[in-house]
Amino acid sequence: MKRAIVAVICFVFVLAVPAHAGPTWREQQLLDLVNHERERTGLPKLEWNEQLAKAALAHSRLLAAKHELSHQFPGEQPLQERVGATGLRFNSVAENVAEAPTVEDSHKALMHSPGHRANILAKESNAIGIGIVEGEKQELYVTQDFAHSLATYTVKQVRDAVVTRFNEARRARKLPAVKVVADPRLAKSACNPDLNTDRMIHSLPGATALVVFSQSEPGPMPDDLRRIVPDHTLERMNIGVCLQTGGSNGFSKFWVITAFFGPAE
């Protein structure tokens with residue numbers, strides 16, 4: 001029997017290919033095998049994701065064309081960038097590739113490799129896309145792309161969540177809520193990869209504090225922002241938020257800039 005060959009990659013320009021209309025029968029077969037392994041260990045099933053499938057299929061076509069296994073061929077973007085190019089919002093991504101005569105053989109080979117098994121059983125992953133391409137000699141080239149897919153939040157939802165948490169923390173200390181200004185200048189700065197906080201605070205006359213942070217999705221206040229809460233002199237918060245997707249690492253993040261002001265002179 002022909003031996004299955006596998007390779008693994010993990011991280012914490014997709015070729016122009018038609019979008020999947022759901023998995024093919026082979027891809028569905030492999031998806032079922034993967035989810036069966038996860039259920040056996042008490043993990044939730046992975047959801048099929050069309051954007052991951054698009055990236056996986058493009059890569060499998062390259063595997064078949066090159067007749068070799070690799071996670072990045074010359075001229076091809078790294079995994080996280082080609083997944084990011086599909087528009088998927090995510091904060092972790094991993095990939096398995098394999099060559100085998102059958103779907104079952106590819107799955108067995110991947111599960112017997114510690115790195116590939118770890119990707120299949122990763123707790124943080126919630127989505128998968130699979131691309132399977134048949135080679136000239138009927139061998140199967142397989143790509144599995146895994147990710148922790150993020151819910152689609154808007155800039156306004158993230159901004160409102162930051163403001164709500166901050167003012168709730170103020171009220172818990174019996175301090176008045178601060179007034180809030182959605183500041184387009186700060187939003188523009190948040191979209192700039194070169195965040196120079198010294199320059200920013202000097203461009204904001206009267207600002208007493210500036211906090212910059214990033215979040216993949218609305219969550220707890222960062223420590224730097226929490227330390228501002230007890231300041232009884234605060235009256236106003238200017239805030240700007242920018243969603244950055246793709247870029248140098250492909251991961252999606254909301255960058256948030258908050259500037260604080262005391263009483264107006």
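A strand here is a DSSP run of E covering at least two residues, and strands are numbered from the N terminus. F260 lies in one such run, strand β9, which spans residues 250-261. The close-ups below are taken from a predicted model.

**Figure 1. Surroundings of F260 in strand β9.**
F260 has a relative accessibility of 0% and therefore counts as buried, the cut-off being under 20%. Leaving out residues up to four places away in sequence, F260 touches F166, G206, A207, T208, A209, V211, L225, I228, L234, R236 and M237. L210 is 50 residues from F260 along the chain, and the two C-alpha atoms are separated by 6.4 Å.

**Figure 2. Surroundings of M237 in strand β8.**
M237 is buried, with 0% relative accessible area. Residues up to four places away in sequence are not counted in its contacts, which are V163, F166, V178, K179, V180, V181, T258, A259 and F260. The list thus includes F260, the residue shown in Figure 1. From M237 to F166 the C-alpha distance is 9.8 Å, with their positions 71 residues apart in sequence counted as separation.

**Figure 3. R236 over the ring of F261.**
R236 lies over the face of the F261 ring, 3.9 Å from the ring centre. R236 is also among the residues that F260 touches. As for pairs of aromatic rings, a search of the whole structure finds one.

**Figure 4. The disulfide between C191 and C242.**
The S to S distance in this link is 1.9 Å. The count of disulfides comes to one. The link of C191 and C242 is right-handed, with 100° about the S-S bond. C191 lies in the loop between α7 (184-190) and α8 (197-202), whereas C242 is in strand β8 (residues 236-246), so the pair ties together parts that are 51 residues apart in sequence. How exposed or buried is each cysteine? C191 is partly exposed, with a relative accessible area of 40%, and C242 counts as buried at 5% relative accessibility.

**Figure 5. T143 in strand β5 and its contacts.**
Strand β5 covers residues 140-149 and holds T143. With a relative accessible area of 0%, T143 is buried. Its side chain makes a polar contact of 2.8 Å with the side chain of S60. Neighbours within four places in sequence aside, T143 is in contact with A56, H59, S60, L63, E95, N96, V97, G129, I130 and G131. E27 is 116 residues from T143 in sequence, and their C-alpha atoms are 9.8 Å apart in space.

**Figure 6. The polar contact of E95 and H71.**
E95 lies in strand β3, residues 90-100, and is one of the residues in contact with T143. At 0% relative accessibility, E95 counts as buried. What joins the side chains of E95 and H71? A polar contact of 2.7 Å joins them.

**Figure 7. Helix α4, residues 103-111.**
Seven of the nine residues of α4 are buried, so the helix is largely enclosed by the rest of the structure. The buried residues are V103, D105, S106, H107, A109, L110 and M111.

**Figure 8. Positive phi at H67 and K174.**
Most residues other than glycine have a negative phi. H67 is not a glycine, yet its phi is positive, at about 60°. H67 lies in the loop between α2 (50-66) and α3 (79-84) and counts as partly exposed at 42% relative accessibility. K174, also a residue other than glycine, has a positive phi near 60°. Its place is in the loop between α6 (155-172) and β6 (179-182). K174 counts as exposed, with 76% relative accessibility.

**Figure 9. Confidence and residues 10-19.**
The chain averages a pLDDT of 88, and 89% of the residues score at least 70. Over residues 10-19, pLDDT stays under 50. For these residues the model has 27 contacts beyond four places in sequence. Where pLDDT is low, the predicted coordinates should not be read in detail.

Methods. Residues are numbered from 1 along each chain as its sequence is written. This is a predicted model: local features need pLDDT of at least 70, side-chain atom pairs count only at pLDDT 80 or more; totals for chains, interfaces and linings use all residues. Side-chain values use heavy atoms; hydrogens and water are left out. Buried means under 20% relative accessible area, exposed over 50%, partly exposed in between (1.4 Å probe, protein chains only). Helices (H or I, at least four residues) and strands (E, at least two) are DSSP runs, numbered from the N terminus. A polar contact is a pair of N or O atoms within 3.5 Å; within protein, one must be able to donate a hydrogen and the other to accept it, and residues adjacent in sequence count only if both atoms are side-chain atoms. Rings of Phe, Tyr and Trp (its six-membered ring) pair if their centres lie within 6.5 Å; planes under 30 degrees apart count as stacked, over 60 as edge-to-face and the rest as tilted. A charge sits over a ring if NZ of Lys or CZ of Arg is within 6 Å of the ring centre and within 35 degrees of the ring normal. pLDDT is the predictor's confidence in each residue, from 0 to 100. Contact means heavy atoms within 4.5 Å. A disulfide is a pair of cysteine sulfur atoms within 2.5 Å.
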